[in-house]
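I opened the model today to look up how the protein meets the DNA. My notes follow.

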2 protein chains.
Amino acid sequence: MSEFLDTAAERYHPGLSVDCVIFGFHENELKVLLLKMKHTAKWALPGGFVEKQEHMDKAAIRVLEKRTGLADIFLQQFHTFGDPARHDHEMDLELFKQSGRDPVKDHWFLQRFITVGYYALIEFSKANPRPDDISEACEWKSIDQLPAMILDHRKILEKALDTLRFQINYQPIGHKLLPVKFTMPELQKLYETILGKELDRRNFQRKMLAYGILKDLGERRKGGAHKAPYLYSFDVKKYNAALKIGLKGSW
Amino acid sequence: MSEFLDTAAERYHPGLSVDCVIFGFHENELKVLLLKMKHTAKWALPGGFVEKQEHMDKAAIRVLEKRTGLADIFLQQFHTFGDPARHDHEMDLELFKQSGRDPVKDHWFLQRFITVGYYALIEFSKANPRPDDISEACEWKSIDQLPAMILDHRKILEKALDTLRFQINYQPIGHKLLPVKFTMPELQKLYETILGKELDRRNFQRKMLAYGILKDLGERRKGGAHKAPYLYSFDVKKYNAALKIGLKGSW
DNA sequence: AAATTAATGTGTGATATTGACGCAATGTAA
DNA sequence: TTACATTGCGTCAATATCACACATTAATTT
């Protein structure tokens, strides 16, 4: 941390950070990847700073790859948070002290920060969550059982979720969040979770199939306690073509 | 300009600007307010810097009020542009020279800038466009006859338009862009311009009326060369309520 | 091994929305 | 007065949505 504070002013763009809301889907629940910060009970969104001549999107990708071990992540910028009150100056001073130094006036780290929010959709099972230097844990948390979070991270997360909901007909939600093979009930659960409401099983299936973006694999997922559902895959080409004009239909 | 360069580093957040895409509707055309820059043939979006402890949204409002003379403007943040190549370092140096000074290394103004894009919807007839210090004109330009623009401003404008199109069912487009009283053909033209395609007159009317967000004023707009159309107003309360859940319907 | 259970697969009809038109009414200009 | 372009109102078939019923199936229970 101390070394970071020394070199940050040279390396990074002043007063600018990126924060990532990383979504995953597991056991019929929508989850986000959060970091448990050291020296506090609160959790944080994975974030980082933007190097002086680095593309902002690139900085977000860097953060994402570090935390998940994945490359080629689906990423979307959704909002920039520019309230001067969003940063907790007291907390910054605290971090400074913990690094064993006296707060320097006008230090790079102590100025006001703007943060750019990105959301990512990743396949849960492929990720390998890893904490960073300033955190002691990196875990998936269900979006309806979120722990206390630092600063305005809760607000950022909510905004990401709102955006995801709003763009549901224009983003490859299913393709990025589900494994290659999935069942119709799984796909439905995903939609229900994002939309926050239940859908009629039969109407959902009819509509999805009508889009013509699914490939019926013929196989069934055995092992469940009841009738085995069919497995599907996305026809990526048709899926992307359909998303360009938007999957029509109100949910 | 020279004075600005001296005090900027103290007053403003480093490497951060806001740019506004100000939309207006006039003579059946969607227009944007642009500034003609001094010493170059190119035009620019009205923009500005963010004061050190100022809310970013507030900075955008400040810019808007200065350029249009209007208060209480409808404003939406839509995207942040963080490509380091977006700024034209040569042009910055040129501006520096024109202020009669030698480029100082690492000067506040010469660093890399991130810009946050906002779009505004205003009632054309109420605005009083005024140029600022570094521009010699401030005019409305039709979106299908745009002049050459500096930096990535053209791209920013396109993105604003895409966003507007995307959010058309969730933003008070008509209410903010049209005068209090308007005719159905006018409202339709507005939608057609934003969507970039023609709509059936009769179906449009049926749908609009079905939303229940319009008040029929009973009056007609005389003076046109043909049958006089009725005048309408928005029922703001119902309009806003409808926008919350979105005006359902595909255009 | 048969019955039970709780899912899944398939289908159907009422209702609402959409898209593509027809036609009469109206204000100005010829 | 007539011609004409535009507006107001209406129709109808095609499509989409919504709310269900019923048959099928894989594991579990009896």
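Which polar backbone atom is 2.9 Å from a phosphate oxygen of DNA strand C? I found that this backbone atom belongs to Tyr230(A). I count a polar contact as a pair of N or O atoms within 3.5 Å; within protein, one must be able to donate a hydrogen and the other to accept it, and residues adjacent in sequence count only if both atoms are side-chain atoms.

Ground rules. This is a predicted model, in which local features need pLDDT of at least 70, side-chain atom pairs count only at pLDDT 80 or more, and totals for chains, interfaces and linings use all residues. Residues are numbered from 1 along each chain as its sequence is written, chains are lettered from A and ligands numbered from 1 in the order in which they are written, and side-chain values use heavy atoms, with hydrogens and water left out.

Entry: DNA strand C.
I looked up the residues near this strand, where near means that one heavy atom of the residue lies within 4 Å of it. There are 22 residues around DNA strand C, and Arg202(A), His226(A), Arg202(B), Arg206(B) and Gly224(B) come nearest. Of the strand C atoms within 4 Å of the protein, 46% are sugar and phosphate. I noted a base contact too: a polar side-chain atom of Arg201(A) is 3.0 Å from a base oxygen of strand C. From chain B, an N or O atom in the side chain of Lys207(B) lies 3.5 Å from a phosphate oxygen of strand C.

I sorted the surface near strand C by class and got 5 nonpolar, 7 polar and 10 charged residues. Here Ala, Val, Leu, Ile, Met, Phe, Trp, Tyr, Cys and Pro count as nonpolar, Asp, Glu, Lys and Arg as charged, and the others, Gly among them, as polar. H7 of chain A and H7 of chain B each give at least two residues to this surface. Helices are DSSP runs (H or I, at least four residues), numbered from the N terminus.

Entry: DNA strand D.
I counted 23 residues around strand D, with Arg202(A), Gly224(A), Arg201(B), Arg202(B) and Tyr230(B) nearest. Sugar or phosphate holds 51% of the strand D atoms within 4 Å of the protein, and bases hold the rest. Lys227(A) puts a side-chain N or O atom 3.0 Å from a base oxygen of strand D. For Lys227(B), the distance from a side-chain N or O atom to a base oxygen of strand D is 3.1 Å. Gly223(A) has a polar backbone atom 3.1 Å from a phosphate oxygen of this strand.

By class, I find 5 nonpolar, 7 polar and 11 charged residues near strand D. H7(A) gives the largest share of that surface, 4 residues.

Entry: H6 against H7.
In chain A, I checked H6 (residues 184–195) against H7: the axes come within 10 Å and cross at roughly 100°. Axes are lines fitted to C-alpha atoms, for helices over the stretch in contact, and angles run from 0 to 180 degrees between N-to-C directions. H6(A) and H7(A) are therefore roughly perpendicular, a label for angles of 65 to 115 degrees. Met184(A), Leu187(A), Gln188(A) and Tyr191(A) of H6(A) meet Arg201(A), Phe204(A), Gln205(A), Met208(A) and Leu209(A) of H7(A). Contact here means heavy atoms within 4.5 Å. The residues of this contact are 6 nonpolar, 2 polar and 1 charged.

Entry: the two copies.
A turn of 180° and a shift of 0.0 Å along the axis lay chain A on chain B with an RMSD of 0.0 Å. The two copies are thus related as by a two-fold rotation axis. I note that copies are superposed by least squares on the C-alpha atoms of residues with pLDDT of at least 70 in both.

Definitions and conventions
Parallel < 35°, antiparallel > 145°, perpendicular 65-115°, else oblique.
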